[in-house]
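Welcome! Let us take a walk through this structure together, starting at the ligand and then stepping back to the whole chain.

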Amino acid sequence: MTRLMLAGVILAVAGCAAPSPEPVDVSAKSAALADRFQADLQGQLQAAMKAGGPVGAIGVCQQAAPAIAASLSEESGAEVRRIALKERNPAAAPEGDLRERLEQLAAAPLTAEGKPAVMQWTSGSGADAKAHFMRAIPMKEQPCAACHGTSIAPEVKNKLAELYPADKATGFKSGDLRGAILVSWPVGAARDE
Ligand code: HEC
């Protein structure tokens with residue numbers, strides 16, 4: 001009984017004493033999730049492109065991308081998603097301060113070593129505190145241009161228009177910021193490790 005009460009007091013004090021989150025380094029585990037997201041999706045995309053060309057692969061991408069994001073989120077406890085300034089999937093539109101952060105990333109999508117740039121920050125406080133990791137997804141010629149590039153085949157255009165009537169994700173050149181992977185951890189969970 002006393003012990004339980006004591007635990008309650010400690011929790012209450014800890015809750016009050018932490019109005020803003022301490023910096024939490026989530027980079028390694030976030031990068032690992034982002035790597036798996038991209039490897040899994042690219043594997044499925046390549047297989048679908050081989051089997052049915054870009055027109056067939058659009059539907060595969062539409063199914064696979066949200067499914068991979070959901071399963072990695074469930075497994076990790078983080079929220080894993082893709083976002084973009086010029087989005088195809090309306091769910092990828094950046095809300096709140098994400099737009100400004102994506103604009104910063106778009107200004108320099110690659111590091112000096114030519115690697116996708118990364119940004120990290122924390123948001124919220126108390127129970128809502130989150131640690132975020134965002135990594136650039138740079139546009140490449142192959143295989144991305146078939147569905148995101150500057151000259152897209154008419155049959156691909158038609159299929160995209162059918163599935164994504166508000167599509168903004170075309171006209172990209174190699175090296176542009178196509179989008180980003182965002183991994184957001186509840187800070188409490190990050191601290192438990
Ligand atoms: C076969 C067509 C196709 C190819 C090739 C393709 N994509 Fe996409 N891409 C899509 C579709 C369809 C979506 C929307 C998926 C969804 O509904 O979540 C998408 C969404 C995205 C998103 C999420 C943000 C948004 O706009 O919805 C990013 C980032 C992205 N693609 C990057 C790439 C990159 C980088 C490549 C090359 C490695 C690539 N894509 C190749 C069809 C394609």
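## Around the ligand

The shell of residues around the ligand divides into 15 nonpolar, 4 polar and 4 charged residues. Keep in mind as you look that this is a predicted model.

Where does the ligand sit? Its place is in the largest pocket. The elements that each give two or more residues to the shell are helix α2 (27–76), strand β3 (130–138) and helix α4. Of these, α2 provides the largest share, with 9 residues. If you would like to pick out individual neighbours, the shell has 23 residues, and those that come nearest to the ligand are C144, C147, H148, Y164 and R178.

One of these names deserves a second look. H148 is the single donor that the protein offers to the iron atom of the ligand. The atom to find is NE2 of H148, which is 2.1 Å away from the iron. Along the chain, H148 belongs to helix α4, which covers residues 145–148.

Now turn to the oxygen atoms of the ligand. Y164, already met among the nearest residues, places a polar side-chain atom 2.5 Å from an oxygen atom of the ligand. N89 also brings in a polar side-chain atom, at 2.9 Å from a ligand oxygen. With R88, look at the backbone instead: one of its backbone N or O atoms lies 2.7 Å from an oxygen atom of the ligand.

Just before helix α4 there is a detail that is easy to miss. Which two residues are joined by a cis peptide bond? They are Q142 and P143, and the omega angle of this bond is about -5 degrees. P143 is found in the loop that runs between β3 and α4, two elements that both contribute to the shell around the ligand.

Let us step back to the chain as a whole. It contains 6 helices and 4 strands. Followed along the sequence, these elements appear in the pattern α-α-β-α-β-β-α-α-β-α. The chain has 193 residues, and 35% of them are buried.

For a last stop, return to helix α2, where you will find D40. Is D40 buried or exposed? The answer lies in between: D40 counts as partly exposed because its relative accessible area is 38%, while buried means under 20% and exposed means over 50%. D40 can also be paired with A65: the two are 25 residues apart in sequence, and their C-alpha atoms are 9.0 Å apart in space.

Methods
Residues numbered from 1 in each chain as written. Predicted model: local features only at pLDDT ≥ 70, side-chain atom pairs only at ≥ 80, totals over all residues. Heavy atoms only, no water. Donors = N, O, S within 2.8 Å, 3.2 Å for Na, K, Ca; no water. Near = heavy atom within 4 Å. Polar contact = N/O pair within 3.5 Å; in protein donor to acceptor, adjacent residues only side chain to side chain. 1 Å grid on protein atoms, 1.4 Å probe; cavity = no way out; pocket = protein on both sides within 12 Å on 5 of 7 lines; lining within 4 Å. Sits in = over half its atoms within 2 Å of the grid points. Nonpolar A, V, L, I, M, F, W, Y, C, P; charged D, E, K, R; others polar. Buried < 20%, exposed > 50% of the residue type's maximum accessible area, 1.4 Å probe, protein only.
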